[in-house]
Amino acid sequence: MKKRTVHTCSECGYSSPKWLGRCPECGAWGTLQEQATAPTGASRAAGLGAGAGAPRGLTPTSAAQPITKITGSAAYRRPSGISELDRVLGGGVVPGSVVLLSGEPGVGKSTLLLEVASRWAAADDDRERDTSPTGSSSSPAGGDTERGRTALYVTAEESAAQVRGRAERTGGLNDRLYLAAESNLDVVFGHVEQVKPSLLIVDSVQTMQAPGVEGVAGGVAQSRAVTAALTTLAKTTNLPILLVGHVTKDGNVAGPRVLEHLVDVVLAFEGDRQTSLRMLRGLKNRFGATDEVGCFEQTSDGIREVPDPSGLFLSHRGQTPDGSAVTVAMDGVRPILAEVQALTVDPVNKSPRRVVTGLDFNRVPMVLAVLQARCGERTNDKDAYVATVGGMRITETATDLAVALATWSSLHNQPLPPKTVVIGEVGLAGELRRVPNLDRRLAEAARLGYENAIVPAGSGTDIPRINGMRIRGVGTLGEAIACVDKRK
């Protein structure tokens with residue numbers, strides 16, 4: 001039967017029988033690529049006449065069972081060896097799951113997964129079987145009881161010597177960690193049959209190629225076929241698979257959108273090349289919540305976990321300098337102390353500048369306008385530079401009060417009281433509005449030794465002291481300034 005030609009968008013996977021300059025689905029230009037597809041069995045059956053009979057189905061390898069008779073013992077989570085990754089995954093790696101890790105080039109995706117493979121291979125398999133929810137001593141699927149847990153790291157972007165050098169630098173050499181430099185998917189399946197690993201890592205899905213599928217590696221057809229084949233392997237063998245995914249210039253996973261639907265978990269590894277901070281966020285998780293965040297630090301020895309990230313964003317622990325305010329931001333469900341610094345100077349040009357780093361660029365000028373209109377502070381004739389410390393990015397409005405008080409401190413060269421955190425959203429009328437999760441924020445500040453807190457009045461915190469911390473509720477921005485102004 002003659003093959004038909006379709007044009008598929010490389011960005012979203014939209015298909016059209018004819019070429020189009022612009023994709024109707026995602027709006028991208030020049031992304032439709034020509035592909036020849038053979039008719040499937042379903043399409044051939046649909047083309048038969050009514051008297052030709054219904055198509056025959058294939059004999060299933062295993063019969064369907066009542067859901068009450070299906071055991072969930074194989075779905076217990078296994079620790080990966082990295083607690084911050086387990087936090088984002090919801091407690092550990094689920095056997096038979098497929099995890100897609102995406103991130104910018106050079107952010108450290110390969111280094112992180114190599115560390116996961118090393119710790120996975122170094123873990124004690126017998127100890128983990130004792131902690132399984134079912135209490136069963138049976139060996140997990142894909143693992144070898146005598147050798148413990150084994151990991152297979154497949155790299156299609158680097159040579160085996162390059163990966164070995166990175167593992168030696170980070171201290172990740174282990175006899176149960178197997179390495180294969182291969183881009184052919186069929187050969188990768190052969191390695192899986194020989195090694196029989198309990199964890200498979202593929203770096204990356206866009207560089208793998210499935211034989212028999214038309215298109216170049218990284219294209220729509222190839223990416224879809226590779227991901228579908230690896231997902232089938234994971235579900236049929238109960239083998240957890242971690243995939244590395246490239247991203248586009250917009251920060252989305254490269255390839256068709258169907259990749260994110262095929263996998264069970266989608267993680268985003270974020271970070272700025274100028275800083276060592278790395279944040280791991282969950283975008284999709286079929287086995288847990290997506291509001292957990294893992295914190296890492298990129299060092300010369302590899303990726304290091306940061307279980308207490310608040311210390312990274314506080315540049316001082318002693319005397320507070322002027323132009324600085326400490327707040328508590330929520331990253332998912334995790335409270336993190338952050339320092340906001342502001343610097344006001346006489347303008348060089350007639351138009352004052354507003355330079356913002358790590359905060360919402362549109363939110364900071366609004367807070368400065370409220371500071372001038374409602375509190376009488378001259379901010380329109382000053383250059384204002386506002387930034388967070390440590391490369392942290394904050395988008396929530398709970399940091400408005402910290403921006404306002406840091407700017408006031410810089411204007412008057414007067415530092416805020418030591419061991420004080422400020423939390424609150426500033427309205428256009430100068431009022432302070434409530435913020436969510438205030439109790440959790442204050443508990444984190446008290447844990448780190450802060451003694452005073454300025455929060456919006458009526459926030460549900462009616463107790464004047466929490467965990468030894470003095471709480472002061474204020475209703476307006478002017479009242480907040482009066483609390484920190486030592487001249488009054």
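Which strands each supply at least two residues of the lining of the largest pocket? I opened the notebook with that, keeping in mind that the model is predicted.

**Entry 1: the largest pocket**

I found that strand 9 (265-271), strand 10 (277-285) and strand 13 (324-331) each give at least two residues to the lining. The volume of this pocket came out at about 350 Å³. I listed the lining and got 17 residues. Those nearest the centre of the pocket are E270, R281, D331, M392 and R393. I then sorted the lining by class and noted seven nonpolar, four polar and six charged residues.

**Entry 2: the second largest cavity**

I looked next at enclosed space. The structure has four cavities of 30 Å³ or more. In the second largest of the cavities I noted about 70 Å³ of space. What is the class make-up of its lining? I recorded ten nonpolar residues, with no polar and no charged ones. The residues are L85, L89, V99, L101, L112, L113, L242, L243, L267 and L280. I also checked which elements they come from. Helix 2 (83-89), strand 4 (98-103), helix 3 (109-122) and strand 8 (241-245) each supply at least two residues of that lining.

**Entry 3: the chain overall**

I counted twelve helices and 22 strands in the chain. Of its 488 residues, 46% are buried. I also looked at how far apart in sequence the contacting residues are. Taking contacts between residues at least 6 apart in sequence, 67% join residues that are at least 24 apart.

**Entry 4: helix 9**

I picked helix 9, residues 363-375, and checked its length. With 13 residues at 1.5 Å a residue, the helix should span 18 Å, and its end C-alpha atoms are 18 Å apart, so the two agree. Which residues of helix 9 are buried? My list holds R363, V364, V367, L368, V370 and L371. Seen down the helix axis, the buried residues fall within an arc of 155°, so they line one face of helix 9.

I then asked what covers these buried residues. The cover includes strand 15 (354-357), strand 16 (383-388) and strand 18 (425-426). Helix 10 (400-412) and helix 12 (477-484) are also among the covering elements. After helix 9 comes G376, and I noted its phi as positive, near 75°.

**Entry 5: backbone oddities**

I went through the backbone angles for residues other than glycine with a positive phi. K196 is one such residue, with a phi of about 55°. K196 sits in the loop between helix 6 (185-195) and strand 7. Is K196 buried or exposed? At 52% relative accessibility, K196 counts as exposed, because the cut-off for exposed is over 50%.

N238 is another non-glycine residue with a positive phi, here about 60°. I placed N238 in the loop between helix 7 and strand 8. N238 has a relative accessible area of 22%, so I wrote it down as partly exposed. The cut-off for buried is under 20%, and 22% leaves N238 partly exposed.

I also noted a cis peptide bond, from D203 to S204, with omega near 5°. S204 lies in the loop between strand 7 (199-203) and helix 7 (220-237).

**Entry 6: two residues looked up singly**

I looked up S15 and found it in strand 2, residues 15-16. S15 has a relative accessible area of 42% and is partly exposed. Which residues does S15 contact, leaving aside its neighbours within four places in sequence? I found H7 and T8. I also took the C-alpha to C-alpha distance from S15 to E25, which is 9.4 Å, for two residues that are ten apart in sequence.

The other residue was G171, in the loop between helix 5 (160-169) and strand 6 (177-181). G171 counts as exposed, at 62% relative accessibility. How far apart in space are G171 and D301? I got 8.0 Å from C-alpha to C-alpha, with their positions 130 residues apart in sequence counted as a separation.

Terms used: Residues numbered from 1 in each chain as written. Predicted model: local features only at pLDDT ≥ 70, side-chain atom pairs only at ≥ 80, totals over all residues. Heavy atoms only, no water. Helix = DSSP H or I, 4+ residues; strand = E, 2+ residues; numbered from the N terminus. Expected span 1.5 Å × (residues − 1). Buried < 20%, exposed > 50% of the residue type's maximum accessible area, 1.4 Å probe, protein only. Arc of directions from axis to C-beta. Contact = heavy atoms within 4.5 Å. 1 Å grid on protein atoms, 1.4 Å probe; cavity = no way out; pocket = protein on both sides within 12 Å on 5 of 7 lines; lining within 4 Å. Points joined across faces, edges and corners; volume = space filled by probe spheres on them. Nonpolar A, V, L, I, M, F, W, Y, C, P; charged D, E, K, R; others polar.
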